[in-house]
Amino acid sequence: MKKMILALVLLMVMLAGCSSGPNYKIGITKPLYFQQDKEMPFEIKVTENKKPVTGLTISAELSMANMDHGTANVILKEEQKGLYTGKAKIPMNGKYEIAFSLKKGDNKVEKVLNYRVEKPKGVASINGKWIKNEDLKFYELVNKLQLSINRAAALKKYSGAELDEELAYLDSQEKTLNDKNQLLTQIIRLHAVAMLAEQKGKRATSSEINQALTKVREQYNQNNDAKKLIQQFGEEKFWNTEKQQYKELVLSQHVQMDLINQVKKENPKAGEQEIYYQAQQKYEDLLVSQIDSLKIEIL
């Protein structure tokens with residue numbers, strides 16, 4: 001009798017093992033943020049026994065845990081091995097229940113995760129450090145200042161048709177000054193190379209930063225349009241932010257100088273123009289590699 005009972009138990013265990021479905025684990029790899037009336041990126045990773053699960057058809061239903069604001073439906077598509085992305089348009093930030101449906105062949109698994117959706121603290125982030133709207137405004141101002149200086153220089157240097165052509169070019173540049181993607185690219189490039197410099201043990205000394213600031217302050221003081229723009233922005237606020245920016249610029253100059261010296265050493269007979277060209281190429285390669293290594297999220 002005992003043997004019969006034991007056999008039945010073993011049979012039940014075996015049947016339970018056969019009927020259990022895949023043991024998928026879902027991890028939210030890109031934070032889902034709330035922005036009014038905007039679809040936001042949503043990314044998950046699905047694993048089983050620590051290995052990525054490919055070939056899944058995944059849908060998700062997002063509903064608020066404590067309020068009834070309806071359901072947001074998301075279809076997630078596989079972007080990389082086990083990595084699935086989609087876009088979710090949700091009504092507000094707060095606590096959510098996310099009901100996932102994962103299908104592969106005849107197997108279907110349903111899982112529910114609790115998740116808190118936050119408002120983003122900026123327009124993009126680099127390794128968790130936010131780039132805010134104020135940063136974009138500052139860079140837009142810096143570009144305007146440079147344009148004012150270039151316009152004043154053109155008026156001194158050119159005349160006639162050449163002047164008209166140069167001013168037309170500068171006017172065309174002005175139309176792109178508030179382009180968000182362009183401003184973000186500028187910020188990300190500078191942040192990335194400054195981070196690289198610090199990783200290499202470079203430092204921007206107070207003396208180097210102040211020397212560079214003195215030089216640019218003299219430039220701005222000679223241009224009435226530039227002075228007005230800085231006053232409108234707020235002089236103290238401008239120079240405090242400019243100091244931080246020049247710290248990164250000095251760091252980037254250290255990286256550039258290292259590359260110039262490297263090219264000189266590798267090409268002792270090369271002319272100055274060739275050296276700067278090769279150094280610039282190496283700088284761009286290094287920058288691309290550095291940016292690829294960073295976790296950059298643009299909202």
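## Nonpolar cores and salt bridges

The largest nonpolar core has 42 residues, and I131, L145, Y220, F238 and W239 have the most contacts inside it. Seven elements each supply at least two residues of this core: strand β9 (124-126) and the helices α2 (133-157), α4 (180-199), α5 (206-221), α6 (224-233), α7 (235-266) and α8 (272-293). The model is a predicted one.

One of the residues with the most contacts in this core is W239. Leaving aside residues up to four places away in sequence, W239 touches L213, V216, R217, Y220 and I230. Another core lies apart from the largest one and has 30 residues, including Y33, A88, V117 and L299.

### Charged pairs

Side chains of opposite charge can pair when their charged atoms come close. A search of the whole structure finds 8 salt bridges. Among them are the pairs in the table.

| Salt bridge | Closest N to O distance |
|---|---|
| R151 and E174 | 3.3 Å |
| E284 and R189 | 2.8 Å |
| D258 and K202 | 2.7 Å |

R151 forms a salt bridge with E174. Because R151 belongs to helix α2 and E174 to helix α3 (residues 160-174), the pair ties together parts that are 23 residues apart in sequence. R151 has a relative accessible area of 22% and is partly exposed. E174 also counts as partly exposed, at 39% relative accessibility.

The salt bridge of E284 with R189 has one partner in helix α8 and the other in helix α4, so parts 95 residues apart in sequence are tied together. E284, at 24% relative accessibility, counts as partly exposed. For R189 the relative accessible area is 31%, and this residue is partly exposed.

Where do D258 and K202 lie? D258 is in helix α7, whereas K202 is in the loop between α4 and α5, so their salt bridge ties together parts that are 56 residues apart in sequence. D258 is partly exposed, with a relative accessible area of 35%. K202 is partly exposed as well, with a relative accessible area of 22%.

Which residues are joined into one network by salt bridges that share partners? The network consists of R151, D171 and E174.

Some helices appear in both parts of this account. Helix α2 supplies at least two residues of the largest core and holds R151 of the salt bridge with E174. Helices α4 and α8 each supply at least two core residues, and R189 and E284 lie in them, respectively. Helix α7 likewise supplies at least two and carries D258.

Note on methods:
Residues numbered from 1 in each chain as written. Predicted model: local features only at pLDDT ≥ 70, side-chain atom pairs only at ≥ 80, totals over all residues. Heavy atoms only, no water. Core = buried A, V, L, I, M, F, W, Y, C linked by side-chain atoms within 4.5 Å. Buried < 20%, exposed > 50% of the residue type's maximum accessible area, 1.4 Å probe, protein only. Helix = DSSP H or I, 4+ residues; strand = E, 2+ residues; numbered from the N terminus. Contact = heavy atoms within 4.5 Å. Salt bridge = Lys/Arg side-chain N within 4 Å of Asp/Glu carboxyl O.
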